[in-house]
Amino acid sequence: MTSQNDNQERALSALRNAELKLNRNDTRLITELLRDLSKRDGGSPADIIASARVQEILADKKRNAPQRLERLKKLLADERYPVYTRAETVFWALIKELKLHPNIKINHCVHFEEDSLEVRFSYDNDLELRRIGASLERLAACNPVKHALDSAENSC
Amino acid sequence: MPWTPRKILVEEEAAGSAVARSVLAHFPDSPVERLERIKDYDGRLGAEDLAVARQRGRFIKKCPGTPAYTCCDYYILNVGIGCRLSCSYCYLHHYMNTPFTIYSNTDDLIAQANDYFRKRPRRRFRVGSGEFIDSLDFDEITGMHDLLVPELTGIPNVTFEIKTKSDRVDHLLGLEHHGRAVVSWSVNPEIIRIGEESLSAPLAARLRAAAACVAAGYRVGFHFDPLIYYPGWAQDYEQVVDEIFAHVRPKNIAWISLGGLRFNPSLKPIMEARFPESRLTSGELVRGLDGKLRYFIAIRRKMFRRLNRAVQAHGPNVAVYLCMENQKLATEVGVTGLSS
């Protein structure tokens with residue numbers, strides 16, 4: 001257990017050396033992701049941080065530290081949850097393809113546990129409302145949650 | 001299984017019971033302490049200890065299910081709490097400071113069951129003793145099911161389920177069960193049993209026990225619960241299905257349930273500390289609508305669909321249901337559900 005903790009600490013230390021500022025929530029999240037990934041795939045948390053894909057993010061001088069941290073968290077989460085990531089990717093790609101009215105905001109149920117969608121919109125005039133209505137018809141015909149889950153299911 | 005309690009605690013009100021006498025006779029070398037109430041014990045207790053107590057509440061409880069998912073209308077017979085099998089994923093690890101507890105007042109249990117179920121003769125009840133314990137774990141010590149099987153199956157609207165990972169069923173074979181008892185096993189591929197359920201009986205032994213129960217006129221059930229997602233899961237689980245049907249004919253199967261691994265997030269650090277070799281916690285588990293960690297829904301869909309198809313290939317009329325899922329998902333993956 002001690003060596004495991006040491007290994008975790010080495011991994012976090014490498015992130016701090018890369019000038020990432022980790023608050024308590026970041027630290028907890030990254031620690032858990034690293035622990036789960038190393039348990040699943042073998043290797044150590046420090047190995048993951050030393051990998052080329054992580055180092056590429058840490059060395060990216062075009063982005064500031066908070067942006068690099070967000071990219072790192074996303075990378076680790078995507079690797080930790082590959083099937084869910086697949087569903088998310090397909091879902092948002094479909095939403096993008098629909099070219100919905102910009103006043104429409106959409107979200108799916110947490111982790112797609114239900115196939116309901118939360119849809120919010122606002123409008124200033126009748127014409128805008130009609131355009132939003134047309135967008136919603138396209139959305140209803142598309143069923144993005146089903147497509148996302150089918151694609152994710154086929155990927156696992 | 002060579003297990004001896006570190007200490008036996010016996011409540012005064014339970015001391016004269018047949019269960020207490022049997023426990024004390026079975027473990028003559030364990031120190032015994034008598035006390036008014038187990039909860040008043042002043043000292044450290046744990047899963048190494050065995051308590052014989054009086055159940056002062058209801059023996060019969062409706063399965064609480066889990067919020068936001070469909071309940072299968074199951075009733076729990078609370079005959080004790082604790083399990084010596086110590087499977088890595090078991091929620092009983094939450095109760096590490098609780099001794100194994102067996103309730104002694106079986107007469108009250110029988111009376112409550114008769115009162116509750118006979119007063120509702122138009123309803124059919126599925127009742128099981130394997131929720132807080134493995135039904136047969138302590139049977140050779142307490143003889144509990146020697147009593148429960150004839151009594152509970154004598155109630156016409158009750159189907160009584162004995163749920164276990166054991167193969168020790170010999171004592172059940174000669175009991176009067178009125179055709180209303182179901183002996184059921186939770187099943188997993190051997191690789192999972194060895195890694196996560198190492199103290200349970202091997203699958204082959206469980207299936208031989210199932211065949212013996214069928215020969216004695218029992219119906220049997222199988223619970224693919226928890227289903228574990230890992231590389232090679234599909235072939236391994238399909239092999240388990242094949243092995244089940246090599247031992248038992250479809251008409252003798254009362255039901256088969258499917259349920260994905262799920263647990264309260266607070267169990268995760270406990271599992272990691274107690275079972276460091278287990279990889280279960282690194283599965284693709286996300287928070288469900290009830291707050292529990294469970295496999296992402298696309299993974300569950302895939303597993304349920306595939307397992308259901310494998311079962312239906314052997315027995316198209318076998319009742320398959322999902323445990324703690326919603327009806328929509330059940331429909332999507334094509335499970336038939338329970339008919340009653």
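Start by selecting helix α9 of chain B, residues 267-274. In this predicted model, the buried residues of α9(B) pack against pieces of both chains. From chain A comes α2 (24-41), while chain B itself supplies β13 (262-263) and β15 (293-295). Colour those three elements and keep them on screen.

Which residues of α9 are the buried ones? Show side chains for B:L267, B:K268, B:I270, B:M271 and B:E272. As you look along the helix, remember that an α-helix has 3.6 residues a turn, so residues three or four places apart point the same way. Note that the buried set includes B:K268 and B:E272 alongside B:L267, B:I270 and B:M271.

**Next stop: the boundary between the chains**

Now select the residues where the two chains meet. You should find 24 residues of chain A in contact with 28 residues of chain B. Together the chains bury about 2,300 Å² between them, and carbon and sulfur atoms account for 51% of that area. On the chain A side, pick out A:K39, A:E113 and A:E153, the residues that lose the most area to chain B. Those three together make up 34% of what the chain A side buries.

**Step back: chain B as a whole**

Hide chain A for a moment and switch chain B to cartoon. Its secondary structure comes to 11 helices and 16 strands. Along the principal axes, the C-alpha atoms fill a box of roughly 55 × 45 × 35 Å. How does the radius of gyration fit with a compact globule? For 340 residues such a globule would come out near 20 Å, and chain B has 20 Å, so the two agree.

Try colouring chain B by burial: 58% of its 340 residues are buried. If you draw contacts between residues at least 6 apart in sequence, 74% of them join residues at least 24 apart. Switch to a surface and you are looking at about 13,900 Å² of exposed area, 51% of it from carbon and sulfur atoms. Colouring by charge brings up 44 positive and 39 negative side chains, with the centres of the two sets 7 Å apart.

**Last stop: A:N7**

Bring chain A back and select A:N7, which sits in helix α1 (residues 2-17). Is A:N7 buried or exposed? Its relative accessibility is 14%, under the 20% cut-off, so A:N7 counts as buried. Leaving aside residues up to four places away in sequence, A:N7 touches A:S44, A:P45 and A:A46. Finally, draw a C-alpha to C-alpha distance from A:N7 to A:F112: 34 Å in space, with their positions 105 residues apart in sequence.

How values were computed: Residues are numbered from 1 along each chain as its sequence is written. Chains are lettered from A and ligands numbered from 1 in the order in which they are written. This is a predicted model: local features need pLDDT of at least 70, side-chain atom pairs count only at pLDDT 80 or more; totals for chains, interfaces and linings use all residues. Side-chain values use heavy atoms; hydrogens and water are left out. Helices (H or I, at least four residues) and strands (E, at least two) are DSSP runs, numbered from the N terminus. The radius of gyration is taken over C-alpha atoms; the globule rule is 2.2 Å times the number of residues to the power 0.38. Buried means under 20% relative accessible area, exposed over 50%, partly exposed in between (1.4 Å probe, protein chains only). Contact means heavy atoms within 4.5 Å. Accessible areas come from the Shrake-Rupley method with a 1.4 Å probe; for residues, only the protein chains shown count as cover. Lys and Arg count as positive and Asp and Glu as negative; His and the chain ends are not counted. The place of a charge is taken as NZ of Lys, CZ of Arg, CG of Asp or CD of Glu. Buried area is the accessible area (1.4 Å probe) that two parts lose on being put together, summed over both.
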